[in-house]
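Student: Hi! Could you walk me through this structure? I'd like to begin with the pockets and then move on to the packing.

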Amino acid sequence: HPNIFCVSSHKSLKATTQSHNTNKHTMNMKAISFVDTKPQVVDTLKPTPKDDEVLVMVHYSALDTALDPVLKKTFVGGMLHKQTNPLFCGWHFSGVVEEVGANVEDFETGMQVFGHLPYSSSTTQGSLSEYITVQSDALAVKPANINMDLAAAATTEPLTALQSLRDLGKLKSGGHVLINGAGGQVGSCAVQIAKALGSEVTAIVSTKDVAKVTKLGATTVIDRKKTPNVMSQLKTGQFDVVFDTPGKLSARKIPKYLKPKGVYVNPSPDDMLDFLLGKLFTLFSSKSVTMVMVESKKADLEQIGQWISNSDLKIDVDSVHDIQDCASAIHRQNDSTNKKGRVVVKVKGGF
């Protein structure tokens, strides 16, 4: 970002720039930049799509758990977004196609689309911006009967669940999956997607989510708050897939509960040493221990959109905040006790 104009309520700072200052065709846009973890509105260059990219005018974004480690500059945060200055964050998006690259055939100006930016150490954009550029195979057309705010909330979590169960876990109709943390955002999507794939679901949840997860279709629901030894409720060789959404189960102990060729999938291991030992212990067996790094894929987004459109998948939206109230949106995102779904940010027209 060689040409940055930072704007705050107190002062205006114009960064030193080179040749771009003399280019009359250079276009600017508004975006949220994070300074010492605090969101600020800045002016920055509007991106230009490459031949295989789409320029999207962002209407809505949604917050998720990736933001906190990036702002705190942790090791994990460095894997999710490049540490840049200014720092533009946000991954989920819904919006309208503004422009398409020369080689893009599936999209045209005016189409309503949704998806998410890559969780990658090379990502420099953020969807808390007026515009973003997206690879044409990493977004999809939004179904007409889904609102824009819901579409922004329907990307990372259902895609994580789908790719974990179907792609890594090879879960098929008639299978049996154990979902830990089934009351959370990823977990509740996983319950519904497993049912849509024709599988039986055993769920581990906290007391407050028992009724919710039962309603979503879990066959067996284990209340971890009222069950001193959760593992005693499980049988050896019971599951085709164990999907550990909070990453709290032991990768060394879980394989005994897997069927032959069964898979333990963990999005974010809480204990990396235990996880690596789990991988080591299953090295010479048909069972496997693996992580998932979600990818925004056009075909998968279309599948998610179809399920939502047909009411086979329900995504909960907790609240919608204007981009000017980004700080309060982040505060709500971090309120794990009271939050009841995805926290969405309205970007269009909010700056």
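Tutor: Happy to. Keep in mind that this is a predicted model. Starting with the pockets, the second largest one holds about 590 Å³ of space.

Student: Which residues are closest to the centre of the second largest pocket?

Tutor: E53, L117, T124, Q125 and T133 are the closest to its centre, out of 31 residues that line the pocket.

Student: And which elements give two or more residues to that lining?

Tutor: Those are β3 (28–35), β4 (38–45) and β8 (131–135). The largest share comes from β8, with 5 residues.

Student: How does the lining divide into nonpolar, polar and charged residues?

Tutor: There are 13 nonpolar residues, 13 polar ones and 5 charged ones.

Student: Changing topic to helices. Which residues of α9 are buried?

Tutor: In α9, which spans residues 326–333, the buried ones are C326, A329, I330 and Q333. Viewed down the helix axis, the buried residues of α9 fall within an arc of 100°, so they line one face. The general background is that an α-helix has 3.6 residues a turn, so residues three or four places apart point the same way.

Student: What covers the buried residues of α9?

Tutor: The cover includes β3, β4, α1 (67–71), β16 (317–322) and β17 (342–346).

Student: Which residues are buried in α7?

Tutor: In α7, residues 272–281, they are D274, F275 and G278. These cover an arc of only 100° around the axis, which puts them on the same side of α7. Their cover includes β14 (258–266) and β15 (288–291).

Student: Okay, on to the core. How many residues does the largest nonpolar core have?

Tutor: It has 77 residues, and those with the most contacts inside it are F34, L165 and I193. The helix that gives the most to this core is α5 (residues 185–196), with 6 residues. As a general point, nonpolar side chains in soluble globular proteins tend to be buried together.

Student: What is F34 in contact with, leaving aside neighbours within four places in sequence?

Tutor: Its contacts on that basis are P39, L67, L71, L87, C89, L128 and I330. I330 came up earlier as one of the buried residues of α9.

Student: Which residues does the second, separate core include?

Tutor: That core has 15 residues, including L178, I254, Y257 and F275. You have met F275 already, among the buried residues of α7.

Student: Let me pick some single residues. Where is T202, and what does T202 touch?

Tutor: T202 is in strand β11, residues 200–205. Not counting residues up to four places away in sequence, T202 touches H176, V177, L178, I179, T220, I222 and F239.

Student: Is T202 buried or exposed?

Tutor: T202 is buried, with a relative accessible area of 2%.

Student: And P49, buried or exposed?

Tutor: P49 counts as buried because its relative accessibility is 13%, and the cut-off for buried is under 20%. P49 sits in the loop between β4 and β5 (53–62). Leaving aside neighbours within four places in sequence, the contacts of P49 are V54, L55, E99, G101 and T133. T133 also appeared among the residues closest to the centre of the second largest pocket.

Student: How far apart in space are P49 and Q135?

Tutor: They are 8.8 Å apart, C-alpha to C-alpha, and 86 residues apart in sequence.

Student: Now backbone geometry, since I'd look at that before any setup. Where is there a cis peptide bond?

Tutor: N85 and P86 are joined by one, with omega about 0°. P86 lies in the loop between α2 and β6 (92–100). In general, most peptide bonds are trans, and most residues other than glycine have a negative phi.

Student: What about phi of K170 and S311?

Tutor: Both are positive: phi is near 55° for K170 and near 65° for S311. K170 is in the loop between α4 (156–168) and β10 (176–180), while S311 is in the loop between α8 (298–309) and β16.

Student: Are K170 and S311 buried or exposed?

Tutor: K170 counts as exposed at 53% relative accessibility, and S311 counts as exposed at 64%.

Definitions and conventions: Residues are numbered from 1 along each chain as its sequence is written. This is a predicted model: local features need pLDDT of at least 70, side-chain atom pairs count only at pLDDT 80 or more; totals for chains, interfaces and linings use all residues. Side-chain values use heavy atoms; hydrogens and water are left out. On a 1 Å grid over the protein atoms alone, a cavity is a set of points where a 1.4 Å probe fits but cannot get out, and a pocket is an open set with protein on both sides within 12 Å along at least five of seven lines; lining residues have an atom within 4 Å of a point. Grid points are joined across faces, edges and corners, and a volume is the space filled by probe spheres set on the points. Helices (H or I, at least four residues) and strands (E, at least two) are DSSP runs, numbered from the N terminus. Ala, Val, Leu, Ile, Met, Phe, Trp, Tyr, Cys and Pro count as nonpolar, Asp, Glu, Lys and Arg as charged, and the others, Gly among them, as polar. Buried means under 20% relative accessible area, exposed over 50%, partly exposed in between (1.4 Å probe, protein chains only). The arc is that of the directions from the helix axis to the C-beta atoms. Contact means heavy atoms within 4.5 Å. A nonpolar core is a set of buried Ala, Val, Leu, Ile, Met, Phe, Trp, Tyr and Cys residues joined through side-chain atoms within 4.5 Å.
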